[in-house]
Amino acid sequence: MGHAMTVARAVGSSLAASVLVLSEPPRFTPVQPDLLGGGSTLVNAWADYDGDGDLDLFVGFNGAPNRLYRNDAGVLLDVANAMGTADARATRAGAWGDFDGDGDPDLVIGFAPGPQSVVRLYRNDVGRFADVTADAGVARDSGAVRQVSWIDYDADGDLDLFIAFRDRANALFRNDGGKFTDVAADVGLADRRKSVGAVWFDFDEDGDFDLYLANMDGDANALYRNDKGHFTDVATEHGVAWGGRLPNDSTNGTVRPCAADVDGDGRLDIVTANYGKNGLFLNRGHGKFEDASATWWIDTDSRYDTCALDDFDNDGRLDLYVNGTVTGGTSYRDYLFRNTGAHFEDVTPENVKALQADHGAVWADFDRDGDVDLALTGSRPDGMHLIMRNDLDAGAARRSLSVSVVDMRGRALLPGAEVRVYASGTHRLLGTRLVDTGSGYDSQSVSPQHFGLPTSNAVDVEVTYPHAGRRQVTHVPGVEPRRLLTRQLVVKVPVN
């Protein structure tokens with residue numbers, strides 16, 4: 001992996017909290033607006049498909065040819081035709097993941113129903129893509145595809161594929177040497193509710209991946225607890241069945257669930273972007289959640305398609321972007337919420353308010369300047385799929401760290417890993433991140449985890465990977481962020 005520092009060492013862990021208050025108003029500038037001005041887009045996802053050290057961007061269109069933007073030191077070029085990914089089909093989902101374990105990210109795409117499979121799997125062969133859908137066994141002739149997620153749910157060392165459908169039973173394709181078998185019915189995940197979004201994480205901290213599933217049209221959400229490979233819906237008993245919206249209201253639903261450490265205690269909380277009031281459920285440990293939607297000022301009643309959390313101002317707290325949708329002739333506005341440590345406050349810049357943005361919203365440091373930028377999509381024909389460059393003060397931008405998690409062979413096969421950063425030699429927690437298992441609007445990226453830091457002093461990095469009933473911990477002490485400007489720290493995790 002280029003432009004990186006690689007380390008690996010295993011030891012134990014502990015948690016604490018740290019905060020830093022900044023008040024600089026956010027400033028975002030559209031990048032290459034002529035190139036990124038096309039509307040009718042829904043899906044976007046980041047990955048370094050060509051292995052050159054910077055993040056490239058897939059954008060799925062609603063009928064026009066999809067685009068794959070190669071990133072050349074912050075300058076984007078559409079190479080979808082040359083790479084073989086310019087499908088001119090209404091695209092509803094897209095996820096990057098190294099399903100064949102060869103060290104580069106492959107791409108799975110979900111389409112609206114048509115004459116061919118609604119799922120297409122592209123194998124990445126040294127930067128060019130080959131359609132292996134039929135050979136891999138993931139072809140489906142019908143279904144309203146929504147969230148697609150790569151996750152090693154069975155802890156056998158390869159990535160399996162979960163697909164949420166809005167109009168049929170959900171699928172879980174077990175990966176056996178690049179051949180897939182749908183085992184959802186066998187393991188308890190063939191949910192027939194109107195599923196849209198999903199995120200995988202170890203909510204009960206027992207060493208395996210659980211699934212929080214977002215459902216629409218008045219259907220309750222699900223929290224599927226993983227018990228040795230069999231899944232049980234425990235959403236009601238854990239208080240997260242409705243995600244903050246009105247129960248049993250057919251006009252309400254959850255589109256996007258996010259798992260992130262909002263309050264800085266080291267545990268992964270649940271955020272929901274809803275048709276209805278948005279939700280925030282703080283993880284109090286041992287699988288218990290507290291509804292903090294109102295106290296954190298997030299329970300705005302509107303229509304949202306995406307929640308996206310990252311630290312845009314590098315103050316050490318995870319901020320929140322929610323993407324208002326277009327429905328019933330109304331374009332609901334987007335919000336950028338700054339995390340104060342006690343609540344979210346609206347700090348949306350005027351030029352962001354003015355955008356016809358909905359559906360896709362994904363953070364990433366695409367120009368490698370130390371702050372995260374925002375990629376958006378908009379479904380209106382006169383919309384856009386812009387990248388909004390974050391113009392954070394250069395000094396603040398340099399106080400950051402970018403961390404990638406891979407296995408011992410350097411492969412990004414560990415979605416769901418938890419990354420924590422501490423002040424070096426202490427238990428003072430500076431931030432927690434989840435390696436992406438479902439994000440944006442029905443997308444998944446393969447990208448580094450970004451941490452804003454209070455200073456450029458040394459930090460300790462800890463990676464926890466739930467695997468085969470254990471929470472394996474890899475600890476990297478004495479990392480100096482100032483030596484990694486424009487580069488990423490690559491942590492190799494010995495998966496046993």
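## A tour from the disulfide outwards

The link between Cys258 and Cys307 is right-handed, with 110° about the S-S bond. Select these two residues to begin; the model is a predicted one, and the sulfur atoms of Cys258 and Cys307 lie 2.2 Å apart in it. A search of the whole structure finds one disulfide. Colouring by secondary structure shows that the pair links distant parts of the chain: Cys258 belongs to strand E19 (residues 253–260) and Cys307 to strand E23 (residues 301–310), with the two positions 49 residues apart. Cys258 and Cys307 are both buried.

**The whole protein**

Next, zoom out to the full chain. The secondary structure consists of five helices and 39 strands. Along the principal axes, the C-alpha atoms fill a box of roughly 60 × 50 × 50 Å. Of the 496 residues, 60% are buried. Among contacts with a separation of 6 or more, 56% are between residues 24 or more positions apart.

Now display the surface. Its accessible area comes to about 16,800 Å², and carbon and sulfur atoms account for 49% of it. Colouring the side chains by charge brings out 47 positive and 75 negative ones. The centres of these two sets lie 1 Å apart.

**Gly324**

Return to the interior and select Gly324, a residue of strand E24 (residues 319–324). Is Gly324 buried or exposed? Its relative accessible area is 0%, so Gly324 is buried. Show next the residues that Gly324 touches, leaving aside those up to four places away in sequence: they are Arg303, Tyr304, Tyr332, Arg333, Asp334, Ala357 and Asp358. Asp305 also merits a distance label, as its C-alpha atom is separated from that of Gly324 by 6.1 Å, while the two residues are 19 apart along the chain.

**The nonpolar cores**

Which residues have the most contacts inside the largest nonpolar core? Select Leu172, Leu189, Trp200, Leu401 and Val461, which hold that position in a core of 39 residues. Strand E37 (residues 459–467) contributes the largest share of this core, with four residues. Apart from this core lies another, of 31 residues; Leu57, Val59, Phe366 and Ala375 are among them. In soluble globular proteins, nonpolar side chains tend to be buried together.

Centre the view on Leu401 and display its contacts, again without residues up to four places away in sequence. Leu401 touches Val421, Gln449, His450, Phe451, Leu453, Val459, Val461, Val479, Pro481, Leu484 and Leu489.

**Two loop residues with positive phi**

The final stops are in loops. Select Gln32, found in the loop between strand E2 (28–31) and strand E3 (41–47). Its phi is near 45°, a positive value in a residue other than glycine. The relative accessibility of Gln32 is 25%, so this residue counts as partly exposed.

Then move to Glu205, in the loop between strand E15 (195–201) and strand E16 (210–215). What is the phi of Glu205? The angle is near 55°, a positive value in a residue that is not glycine. Glu205 counts as partly exposed because its relative accessibility is 37%.

Note on methods
Residues numbered from 1 in each chain as written. Predicted model: local features only at pLDDT ≥ 70, side-chain atom pairs only at ≥ 80, totals over all residues. Heavy atoms only, no water. Buried < 20%, exposed > 50% of the residue type's maximum accessible area, 1.4 Å probe, protein only. Contact = heavy atoms within 4.5 Å. Areas by Shrake-Rupley, 256 points an atom, 1.4 Å probe, with all protein chains shown as cover. Lys, Arg positive; Asp, Glu negative; His and termini not counted. Charge placed at Lys NZ, Arg CZ, Asp CG, Glu CD. Core = buried A, V, L, I, M, F, W, Y, C linked by side-chain atoms within 4.5 Å. Disulfide = S-S within 2.5 Å.
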